[in-house]
Amino acid sequence: MGKKIVAVNAGPRKGWNTDTLITQASKGAGSAGAEIFRFDLFRIEKYTGCISCFGCKKESTKGHCICRDGLTPVLDAIREADGLIIGSPNYLSELTASFRALYERLIFQSLTYNLETPCVNQNVIPVLLIMTSNAPDTAYQGLVKNYQQTLSRFLGPTEVLISGDTLQLKDYSKTDWQWTLFDPQAKKERHETVFPQDCAKAFEFGKKLFG
């Protein structure tokens, strides 16, 4: 029986950059025999970030978020998974609020405030973190590195894939947009030449990490 890999899309746009890269990474894992369980955070039931109830610190529920909402099935699936693919676009120099909600709940449940055993996560798994952005690839390396370090510490060894300078619209020339900051032709050319390379990288990451 193949490995169980959870794929989480923390972006709202179906068929666009983040969604596409997660799909490619999932296909890579699938090509190596893995079974994919996918969640789209913008299409699940209502949820919040950590509510600071400290239920995950009690002995009887240690390491388990006890807040019951739309994220509960996602957290439960990750707890039983053999690997995690998670992706988010960058909004205003951060990952999405949906990503942050899951990230808070996922990490805080394993953090103990105990020097001897700072992490109680018993299911150490490989992680692929994907971030897309309309800024250059190098713009948010520090941000992504911080997430990579924390995920590695509390969940498992984490690889990252940054896809920058992405195409946001099919047609930047529409008069409704007036997005004069961008060069529409350059955006289109990059999407047709560089983005497919990022898709190939995502596929190979999925195959290598989760096969």
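Is Lys187 buried or exposed? In this predicted model, Lys187 comes out as buried, with a relative accessibility of just 4%. Its salt-bridge partner is Asp165, which counts as partly exposed at 28% relative accessibility.

Let's look at the salt bridges next. A search of the whole structure turns up 10 of them, and three are set out here.

| Salt bridge | Closest N to O |
|---|---|
| Asp19 and Arg38 | 2.3 Å |
| Asp165 and Lys187 | 2.8 Å |
| Arg190 and Asp137 | 3.4 Å |

Take Asp19 and Arg38, whose salt bridge has its N and O atoms 2.3 Å apart. Asp19 sits in helix α1 (residues 17–31) and Arg38 in strand β2 (residues 35–40), so this pair ties together parts 19 residues apart in sequence. Asp19 is buried, at 10% relative accessible area, while Arg38 is partly exposed at 31%.

Then there's the salt bridge between Arg190 and Asp137. Arg190 belongs to helix α5 (residues 184–193) and Asp137 to the loop between β5 (127–132) and α4 (141–154), so parts 53 residues apart in sequence get tied together. Asp137 is partly exposed, at 30% relative accessibility.

Back to Asp165 and Lys187, with their N and O atoms 2.8 Å apart. Asp165 lies in the loop between β6 (158–163) and α5, and Lys187 in helix α5, 22 residues away. Through shared partners, salt bridges join Asp137, Asp165, Lys187 and Arg190 into one network.

Now for the cavities. There are three of 30 Å³ or more, and the largest holds about 110 Å³ of space. Its lining has 15 residues, with Cys50, Cys53, Cys56, Cys65 and Phe108 nearest the centre. By class, that lining is nine nonpolar, four polar and two charged residues.

How values were computed
Residues numbered from 1 in each chain as written. Predicted model: local features only at pLDDT ≥ 70, side-chain atom pairs only at ≥ 80, totals over all residues. Heavy atoms only, no water. 1 Å grid on protein atoms, 1.4 Å probe; cavity = no way out; pocket = protein on both sides within 12 Å on 5 of 7 lines; lining within 4 Å. Points joined across faces, edges and corners; volume = space filled by probe spheres on them. Nonpolar A, V, L, I, M, F, W, Y, C, P; charged D, E, K, R; others polar. Salt bridge = Lys/Arg side-chain N within 4 Å of Asp/Glu carboxyl O. Helix = DSSP H or I, 4+ residues; strand = E, 2+ residues; numbered from the N terminus. Buried < 20%, exposed > 50% of the residue type's maximum accessible area, 1.4 Å probe, protein only.
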